[in-house]
Amino acid sequence: MKNKILTLTFALLFLFQACNINNNDAIDREINLTEKASKLVNADNLFGLELFQKITESDDSDNIMVSPLSVSLALAMTYNGANGETKLAMENTLKLNGLSTSDINESYYNLVDALKSLDDKVLLEIANSIYFRDGFEVEPDFISTNENYYDAEVDALDFNSPESVETINNWVADKTHQKITRIIDNISADNVMFLLNAIYFKGIWSKEFNTESTAEFPFTYENGTTENVEMMCKLDQVDYTKNDLFSAICLPYGSGNYNMYVFLPESGKSVTDIINELSVSNWETWTNNFAQTDDVDIKLPKFKFEYEKKLNDILIDMGMGIAFGGNADFTGINKNGGLAIDFVKHKTFVDVNEEGTEAAAVTIVGIRYTSVGNNPEEIPFTVNKPFLFVVTEKDTEAILFIGKVSKPEYEN
């Protein structure tokens with residue numbers, strides 16, 4: 001990692017760093033954030049890593065991917081309506097201690113603006129919206145803050161009409177380029193507001209895989225069985241590292257502002273062992289040890305999957321329990337109170353193929369009434385067992401996506 005005016009670590013999800021790229025057309029742009037913004041990135045990294053660890057502990061799905069940035073942004077908008085102990089609990093859970101509300105909002109505004117305009121060869125879109133029940137009174141400051149800092153679309157809907165469900169789902173489908181088409185199936189009588197974040201990412205590898213080189217190779221599942229899967233193949237010069245726990249490569253997109261890290265467990269180790277060691281300090285150590293290496297023989301499975309998770313229990317376990325119960329204080333949304341978080345739902349999509357990566361994430365926070373109412377020697381890198389992947393931006397090290405693949409599958 002190169003020195004920056006401010007060193008940041010916004011880890012998780014599609015980790016891409018600056019791998020040396022010979023591209024005369026590429027423009028290497030850098031992001032320099034303020035000290036407060038760098039603290040926000042560190043907080044998001046810490047929250048995202050812990051969130052991913054807890055999800056993998058509680059979910060035995062073969063393939064898991066989350067977007068810490070999406071969850072953080074949706075909860076940050078919600079945080080603007082919290083007060084008292086509820087606000088403190090959300091600060092602790094999101095690791096935002098030491099930052100004022102204005103620091104948080106301004107830093108997110110600057111970060112998102114920089115990420116979206118960074119690389120002409122990578123499409124990154126981030127959108128926010130708030131829908132509330134027609135007739136429900138919302139504090140003007142809550143609306144204006146989320147409009148001004150999160151560019152949130154704010155609309156009142158008739159929650160009693162089935163058309164409201166379709167309005168929300170259509171927004172999700174539009175903002176994710178139809179990769180995620182539904183986030184809710186119904187609206188309950190006590191729901192008064194939904195806060196949504198959507199992220200869409202499409203990055204082309206700096207050096208694409210040749211489709212003619214794709215072939216079937218054995219992949220060993222966590223239960224020990226082996227099956228042939230489609231693997232993309234190339235011999236390339238990439239950033240690489242190896243230790244007792246894993247070997248790993250860094251694959252850049254476009255001009256190199258965004259990258260994907262692929263972590264392959266060493267013999268006798270598992271992807272769970274890597275996930276268990278995820279921490280901000282380990283992450284910094286690992287990424288700092290990458291070095292450009294010639295002739296890495298890469299065999300990487302193609303994979304495409306969707307993932308969905310209700311995050312209530314995870315967030316409660318992380319310290320946000322008060323926000324879901326009868327003692328929640330969201331008087332910043334409505335001065336009369338009586339509101340709590342009903343649910344936090346997260347849904348993702350990812351497609352990794354010879355051309356690059358397409359990914360999307362949606363987070364929805366439902367608010368309810370609390371009562372009705374050497375030829376160098378070739379280095380083999382064959383990803384033939386469950387692995388971890390992370391997509392990041394190189395200057396902020398912001399983690400856009402992070403995932404585990406235990407059963408790579410691909411359907412056109």
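**View A. Methionine 231 in strand β6 of the predicted model.** Methionine 231 is buried, because its relative accessibility is 0%, against a cut-off of under 20%. The residue belongs to strand β6, which covers residues 226-242. Its contacts, leaving aside residues up to four places away in sequence, come from several stretches of the chain. Among them are Ser213, Thr214, Ala215, Phe217, Pro218 and Phe219. Methionine 231 also touches Lys299, Leu300 and Pro301. Thr382, Val383 and Asn384 complete the list. Threonine 214 lies 17 residues from methionine 231 in sequence. In space, the C-alpha atoms of methionine 231 and threonine 214 are 5.5 Å apart.

**View B. Phenylalanine 303 and its ring partners phenylalanine 387 and phenylalanine 389.** The whole structure holds 21 aromatic pairs. One of them joins phenylalanine 303 to phenylalanine 387. Their ring centres are 5.8 Å apart and the planes meet at 65°, an edge-to-face arrangement. Phenylalanine 303 also pairs with phenylalanine 389, at 5.2 Å between centres. Here the planes stand at 45°, so this pair is tilted. Phenylalanine 303 is buried, with 1% relative accessible area. Phenylalanine 387 is buried at 0%. Phenylalanine 389 is likewise buried, with a relative accessibility of 0%.

**View C. An aromatic cluster that includes Trp205.** Phe201, Trp205 and Phe209 belong to one aromatic cluster. Tyr253, Tyr258 and Phe401 are part of this cluster as well.

**View D. Helix α2, residues 68-79.** Helix α2 has twelve residues. From first C-alpha to last, α2 reaches 16 Å, close to the 16 Å expected at 1.5 Å a residue. The helix is mostly covered, with twelve of its twelve residues buried. Buried residues in the stretch include Pro68, Leu69, Ser70, Val71, Ser72 and Leu73. Ala74, Leu75, Ala76, Met77, Thr78 and Tyr79 are buried too.

**View E. The crossing of helices α2 and α4.** Helix α4 spans residues 101-116. The axes of α2 and α4 come within 11 Å and cross at roughly 145°. The crossing is left-handed. On the α2 side, the contact uses Leu69, Ser72, Leu73, Ala76 and Tyr79. On the α4 side, it uses Thr101, Ile104, Tyr108, Val112 and Leu115. The contact residues divide into eight nonpolar and two polar, with no charged residue. Why does spacing along a helix matter for such a contact? An α-helix has 3.6 residues a turn, so residues three or four places apart point the same way.

Key:
Residues are numbered from 1 along each chain as its sequence is written. This is a predicted model: local features need pLDDT of at least 70, side-chain atom pairs count only at pLDDT 80 or more; totals for chains, interfaces and linings use all residues. Side-chain values use heavy atoms; hydrogens and water are left out. Axes are lines fitted to C-alpha atoms, for helices over the stretch in contact, and angles run from 0 to 180 degrees between N-to-C directions. Helices (H or I, at least four residues) and strands (E, at least two) are DSSP runs, numbered from the N terminus. A crossing is left-handed if the near helix is turned anticlockwise from the far one by less than a right angle, and right-handed if clockwise. Contact means heavy atoms within 4.5 Å. Ala, Val, Leu, Ile, Met, Phe, Trp, Tyr, Cys and Pro count as nonpolar, Asp, Glu, Lys and Arg as charged, and the others, Gly among them, as polar. The expected span of a helix is 1.5 Å times one less than its number of residues. Buried means under 20% relative accessible area, exposed over 50%, partly exposed in between (1.4 Å probe, protein chains only). Rings of Phe, Tyr and Trp (its six-membered ring) pair if their centres lie within 6.5 Å; planes under 30 degrees apart count as stacked, over 60 as edge-to-face and the rest as tilted.
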